[in-house]
Amino acid sequence: MAGLLYRVKTKMSIFAHRKTLDLLEGGYASVHRGRSHDFDDLRAYVPGDEVKDIDWKATARHGEPLVKRYIASRRHNLALLVDTGRNMAATAESGESKKDIAIMAAGALASIATQHGDVVSLIVGDEGGSRSYPSGQKDEHLERLLRVVDERIRLDAPRSDVLGLLDTVARQLTIRSLLLVVTDDVRLGDEHMRLLRRLRARHEVIWLTIGDADLMRQEGSRGPVYDVQEVAALPAYVRSNRALRGLFEEAAVQTVVDSERELRLLGITSHRIGSQADVVPGLFALLEKQRRAER
Amino acid sequence: MELIFWWMPLAAAAVAGGGVWLYLAWRRRSRARLQRDGVPVAHSERLTELPEYQRVLRRYRALLAGVLTIVVVASGVGVLLASRVSSVEVVQPQSYKRDIMLCLDVSGSMTDVDAKIVDTFASLAKNLHGERVGLTVFDSSAVQVFPLTDDYDYVKTELTTYRDSFRSQGESGLRYWTGTDLGEGASLIGDGLSSCVLGFDGDSSSKRPKSIVLATDNYVNGSPIFTLKQAGDLATKHDVRVYAIDPVDYSADGTPDTVATQLKDVVDKTGGGFYGLSSTDTVPAIVQKIDDQEAGLFTGARRLVVSDHPGPLVVAGLLLLMASFGLLWRVRL
């Protein structure tokens, strides 16, 4: 059957140009730190690769730019940390389901990673507990991981618990990995910061925020707006208040800016996307930021 | 104040109870409905934590409470309207649908009294409702000046014309005695009264009270076809009461003379009355007495009058309805 991974790949090529995808791959290839000088082989230069990694002599011989690949950087571990609470089943900024965007983002990065020969694992978590899925490289494995995400995120799923998810990862994930945290506009507290500091000590962490719906936007003729956490409707009268709308937008922007700043202080790169079309450019921007931050 | 449909509030209460029950059932299912039709969003605390949100929510709740109150009150008003708030009264309507024939002896001695009588009735005419007035004058023969009519403008005009004629002894305007001197003799009371009795229309089955105001001094000069007694019997047979106004020539000892007594006997027999005109009794006072006596005779049957009073309720209901529409629009329900 045409699986989730296939869909993700199709969407990637719909939403991004070939060039962007190349850039994305290059960006991914360059985010890993800790090169050894254990030279392994050469591969074709991909835009986004570090210029200093180019093997100029080999390039001169070959006629095309080639970069050195080192053993240390050859096989990385990408861990997808996906919040699978019911918050993620809610509406995103674009009106799509946040779940679709999360699957798209996780699938896109995972497929790039496997093309690079890296292994991908998945850790999902909500209030009902967290669960880890082992590393793998094949498409079938990725498909299975994406299905886990797809099945767990439902409107009647347990509530979201990013803290529990981070805690599990901090305790269980010992292999040095690149962590992609996929969550929504969660407000980061001191406890989050403490756990992230611990994670940051061992892993590379990149943080992908899937923007939540604008609560004050008029949805036209669509049904009542309700909060998934408490299943309580937000009265239309309140949502149409103009002064409140201004204040809400201000506060929402402030929250986004605050969490990005706090994450940056911890050395964690973060990016916020609002729709599936945002995923590829968003991931690229995220990796680009990450690469710059390392320098 | 009573309710005609006393069961309506009970029915309304039952309906309201059913409505509340349905609402509760609906509410139980509304959670599922929300999840089916609604737009799920997360992190609503971004909004609900704002102090402004709390303020707006409080206002929203106040508006909702207002709407609820108005709707409940409006429903109450509606129920009251539907149960027909009414007042119940027992009324005893006076019968104004009388027929009055003025029967005036226009022999020379009577013109003064006649003038006063027509003057009184002319001034009464504007207050009449449903009564019919006719005028017949007689001396040796009777003339019907106008038949029973409720055209009060016409009545007043005619009476005024006759009053002026009486006052001026026929010198100016109309000669009041025209046509009354065709018979033999003068002041043929019996014939005059009979003419008046036969002047009522309809047969004996007519329910309208009939009365005659007869002004005469009962001094007969000649031989009438009907004696006074026969005329009285005719009146009794036609169910007509005769009220006589007589400028009694009290003799020195203060008792009415025999002709006056004779007249009194006749009119008393018809169920009417005899009023001697003395210096203390003016014509208007006598007419008033006659009127009172008649009114006492003919009051309508006691009736239960139930009248609805929807006016204030309709206004209140409309205003409340408009207010509730306004508020509903405001809270966007």
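Start in chain A by selecting strand β6 (residues 178-184) together with strand β7 (residues 204-210): in this predicted model the two strands run parallel and are joined by seven bridges. To see where the pairing begins to be readable residue by residue, pick Leu178(A), whose bridge partner in β7(A) is Glu204(A).

Now widen the selection to the sheet to which these strands belong, an open sheet of six strands in chain A with the order β5-β4-β3-β6-β7-β10 and mixed pairing. Its edges are formed by β5 (129-136) and β10 (269-273) of chain A, each of which pairs on one side only. If you look along the sheet, neighbouring strands are turned by 15° against each other on average, with direction ignored.

Staying in chain A, select helix α4 (residues 98-115) and helix α5 (residues 139-152), which pack at an angle of about 165° with their axes 10 Å apart. Because angles over 145 degrees count as roughly antiparallel, α4(A) is roughly antiparallel to α5(A), and the crossing of the two is right-handed. Show the side chains of the contact next: α4(A) contributes Lys99(A), Ile103(A), Ala106(A), Gly107(A), Ala110(A), Ser111(A) and Thr114(A), while α5(A) contributes Leu142(A), Leu146(A), Val149(A) and Asp150(A). Coloured by class, the residues of this contact divide into six nonpolar, three polar and two charged.

Move to chain B and select residues 6-26, 62-82 and 311-329, where UniProt, in an unreviewed entry, places the feature "transmembrane region". Over residues 6-26 of chain B the model is 90% helix and 0% strand, and the C-alpha atoms at the two ends are 31 Å apart. Residues 62-82 of chain B are 100% helix and 0% strand, with 30 Å between the end C-alpha atoms.

Keep chain B in view and select helix α3 (residues 51-82) with helix α10 (residues 311-331), whose axes come within 9 Å and cross at roughly 155°. That angle makes α3(B) roughly antiparallel to α10(B), and α3(B) passes α10(B) in a left-handed crossing. Among the residues that make the contact are Tyr60(B), Leu63(B), Gly66(B), Ile70(B), Ala74(B) and Leu81(B) of α3(B), and Leu313(B), Gly317(B), Leu320(B), Ser324(B), Leu328(B) and Arg330(B) of α10(B). Taken as a whole, the contact of α3(B) with α10(B) has 18 nonpolar residues, three polar and one charged.

A further helix pair in chain B is α4 (residues 111-124) with α5 (residues 152-167), packed at an angle of about 155° with their axes 8 Å apart. These helices are therefore roughly antiparallel to each other, and α4(B) passes α5(B) in a left-handed crossing. On the α4(B) side display Thr111(B), Asp114(B), Ala115(B), Val118(B), Asp119(B), Phe121(B) and Ala122(B), which meet Lys156(B), Leu159(B), Thr160(B), Tyr162(B), Arg163(B), Phe166(B) and Arg167(B) in α5(B). By class, this contact holds seven nonpolar, two polar and five charged residues.

Finish at the open sheet of three strands in chain B, where the order is β1-β3-β10 and the pairing is antiparallel. Its edge strands are β1 (2-3) and β10 (303-308) of chain B, each pairing on one side only. Between β1(B) and strand β3 (residues 85-91) of chain B there are two bridges in the antiparallel sense, and a last click on Glu2(B) shows Ser86(B) of β3(B) standing opposite.

Conventions. Residues are numbered from 1 along each chain as its sequence is written. Chains are lettered from A and ligands numbered from 1 in the order in which they are written. This is a predicted model: local features need pLDDT of at least 70, side-chain atom pairs count only at pLDDT 80 or more; totals for chains, interfaces and linings use all residues. Side-chain values use heavy atoms; hydrogens and water are left out. Two strands pair if DSSP finds at least two bridges between them. Helices (H or I, at least four residues) and strands (E, at least two) are DSSP runs, numbered from the N terminus. Axes are lines fitted to C-alpha atoms, for helices over the stretch in contact, and angles run from 0 to 180 degrees between N-to-C directions. UniProt positions are given in the numbering used here, feature names are shortened, and annotations may be inferred rather than shown by experiment. Angles under 35 degrees count as roughly parallel, over 145 as roughly antiparallel, 65 to 115 as roughly perpendicular and the rest as oblique. A crossing is left-handed if the near helix is turned anticlockwise from the far one by less than a right angle, and right-handed if clockwise. Contact means heavy atoms within 4.5 Å. Ala, Val, Leu, Ile, Met, Phe, Trp, Tyr, Cys and Pro count as nonpolar, Asp, Glu, Lys and Arg as charged, and the others, Gly among them, as polar.
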